[in-house]
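Student: I have a model open on my screen and would like to learn how to read it. Could you walk me through it?

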Amino acid sequence: MLEIRRVRKQFGGFTAVDDVDVTVEVGTIHALIGPNGAGKTTVFNLVTGVLPPTSGRIAFRGTDVTGWRPDRITGLGVARTFQNIRLFREMTAVENAMVARHCRTRGGFLRALARLPWREPVSERETRRRAEELLEVVGLSGRRDALAEDLSLVEQRRLELARALAVEPALLLLDEPAAGMTPPEIRELNRLIRKIRETGVTVLLTEHHMSLVMEVSDVVTVLSYGRKIAEGPPAAVRRHPRVLEAYLGPGA
Amino acid sequence: MLDQYRESLLIFLGINVVLALSLYLPASAGLLSLGQGGFMAIGAYVSAILTAWVGVPFVVALVGAGLAAGLVGLLTGFPALRIRGIYLIILTMGFGEIVRIFFLNFEPTGGASGFGGLAHLTGLGAVTVVVLLLLVFAVQVRGSRIGRALEAVREDELTAEVMGINLTRVKLSAFGLGAVWAGLGGALYAHHALFIDAGQFGFFRSAEIFLIVLLGGLGSPWGAVVGAAVVTLLPELLRPIQEWRMTFFGSLLVIMMVLRPWGLVGRSRRRMVHG
């Protein structure tokens, strides 16, 4: 699904991502973990085209997308959420999800001009229906006309998820989806992520809640100071000496 | 029938609505411009050349003025795409000055002595038609796919792009269309003022357009209409207080910005939703 090959990202003299290789298999839930500053979010930014890599290649479903613009990568079927929530704050919940239908719909100024004021065009109605469906999936139906900025933190995270799903991604990147959630909310998220995978979406996520990572993921990749230090099934990774060292310090 | 003074005032009101909408469109994508006077100048001079020298019908001159301004808008838009906010405002300000100085020195269209003797072709009818067309356009775009894209770009460019919106296309088309609208406004203005010179399209004109939009509010195209009405009509209504009227007008602006910073019409989105 996604192949990251010897990808490096330098900011001046600082190497945030250091020749990292990751392969995300179709249909898996793949976790990218590591201490703060390990380069997880940078990897997400490289995969989604927000930042160009300094060197290395990134291929999505066999297409080399290295250096592509974000909107083109999204068009291929990669969607993401943001660790520091980036909703369109002055838009309602349903509008946020509708925006993300952009790359799956057509129509510019001329199409807008040709609308009849008393009847919503079919394409527009369809966009709204899809957006409302996704709000239902994440449990936000009752809040669809609330402004994004008026939602609670947890609701905002859910809306980010619904918005990303509106892209109809083949690969969904979740950047710390459980941050700020209580244990019951995390359990709910766990169910939701599994449900999303069942619909055929491959998931790559970063997370600090180890219980969630261990329960939900098929494969875990561990980054530390921009380097990959371990990879494998969660049970093996959690016992890996270098992982323990990275998290707890030497001698642990 | 309207007397000449009132008719002229209404025509100027209509022209100001057109100019305000020319800024409202790019502004709805977060692209603020203090150079709409420059696009207006291009529209004014191109339409003047077309009617006075080539002798085409006014409709053709309007279209030509819009296209010429739009083309320049696209060319200016490219460098403008990379920047936004205050930096874009400065860039467009510079652009407006370049255009003004160009026409000030461009002898074929009169240079500093201006371009006079234009036919009075801008009637109330023509202005009304253009205003209605642009208003319908603005209203239709709101709540459409492209309208949502503009709003998303205004709120957060990076996220909009990650959500699959082609930033270049959206921003360039909004900026370019805004330039077309300003060109139309310039053409209407030229054929009502009958005499144009570079000074009429300088910084103060751009600032006035900016003011109209800010005053009316960025939240809806109706803000442009109300803003234009206030800026066009209020100084006229204040004529009795003579030399104090601009002071009074300025004070009103200050009070407005304190009490309703989101504009006269465009209620802040929060209030719209919460009633």
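Tutor: We'll go through the sheet, the helices, the contact between chains and two backbone angles.

Tutor: Keep in mind that this is a predicted model.

Student: Let's start with the sheet, then. What is the order of the strands in chain A's open sheet?

Tutor: The general idea is that strands of a sheet pair through backbone hydrogen bonds, either parallel or antiparallel. Here, six strands of chain A line up as E6-E7-E8-E3-E9-E10, and the pairing is mixed. At the edges you'll find strand E6 (78-80) and strand E10 (227-232) of chain A, each with pairing on one side only. Going from one strand to the next, the twist averages 20 degrees.

Student: Which residues could I click on to see E3(A) paired with E8(A)?

Tutor: Try A:Leu32, whose bridge partner in E8(A) is A:Thr206. Four bridges link E3(A) and E8(A), in the parallel sense. Now look at E7(A), which runs parallel to E8(A) and is joined to it by five bridges. There, A:Asp175 has A:Thr206 as its bridge partner in E8(A). So A:Thr206 is the E8(A) partner of A:Leu32 and of A:Asp175, because a strand inside a sheet can be paired on either side, as E8 is in the order E7-E8-E3.

Student: And how does the chain get from E7(A) to E8(A)?

Tutor: The chain goes through H7(A), making a right-handed β-α-β crossover. Helix H7 (residues 183-198) of chain A lies across E3, strand E7 (171-175) and strand E8 (202-206), at about 150 degrees to E8(A).

Student: Are the residues of E8(A) buried or exposed?

Tutor: Five of the five residues in E8(A) are buried, so the strand is mostly covered. Check the two faces: A:Thr202, A:Leu204 and A:Thr206 point one way, A:Val203 and A:Leu205 point the other, and all are buried.

Student: What about E3(A) and E9(A): how many bridges pair them?

Tutor: Strand E3 (residues 29-33) and strand E9 (residues 219-224) of chain A pair over four bridges, in the parallel sense. A handy place to look is A:His30, which has A:Val219 as its bridge partner in E9(A). Over E9 and E10 of chain A lies helix H10 (residues 241-248), running at about 130 degrees to E10(A).

Student: Where is A:Tyr225, and what is its phi near?

Tutor: A:Tyr225 sits in the loop between E9 and E10 of chain A. Its phi is near 50 degrees, a positive value in a residue other than glycine. With 15 other C-beta atoms within 10 Å, A:Tyr225 is partly exposed.

Tutor: Chain B has a case to set beside that one. B:Leu194 is not a glycine, yet has a positive phi of about 70 degrees. You'll find B:Leu194 in the loop between helix H8 (167-193) and helix H9 (203-216) of chain B. B:Leu194 counts as partly exposed because it has 15 other C-beta atoms within 10 Å.

Student: Now the interface. How many residues of chain B are in contact with chain A?

Tutor: In general, the size of an interface is often given as the accessible area lost when the parts come together. Here we count residues instead: 25 of chain B are in contact with 30 of chain A. On the chain B side, helix H5 (124-141), helix H6 (145-155), helix H7 (157-162) and helix H12 (269-274) each supply at least two residues. H6(B) gives the largest share, eight residues.

Student: How do the residues on that side of chain B divide by character?

Tutor: The side of chain B that touches chain A has ten nonpolar, seven polar and eight charged residues.

Definitions and conventions:
Residues numbered from 1 in each chain as written. Chains lettered and ligands numbered in written order. Predicted model: local features only at pLDDT ≥ 70, side-chain atom pairs only at ≥ 80, totals over all residues. Pairing = 2+ DSSP bridges. Axes fitted to C-alpha atoms, helices over the stretch in contact; angles between N-to-C directions. Contact = placed C-beta atoms within 7 Å. Nonpolar A, V, L, I, M, F, W, Y, C, P; charged D, E, K, R; others polar. Buried ≥ 20, exposed ≤ 12 C-beta atoms within 10 Å, placed from the backbone. Right-handed = clockwise from strand over helix to strand, strands pointing away.
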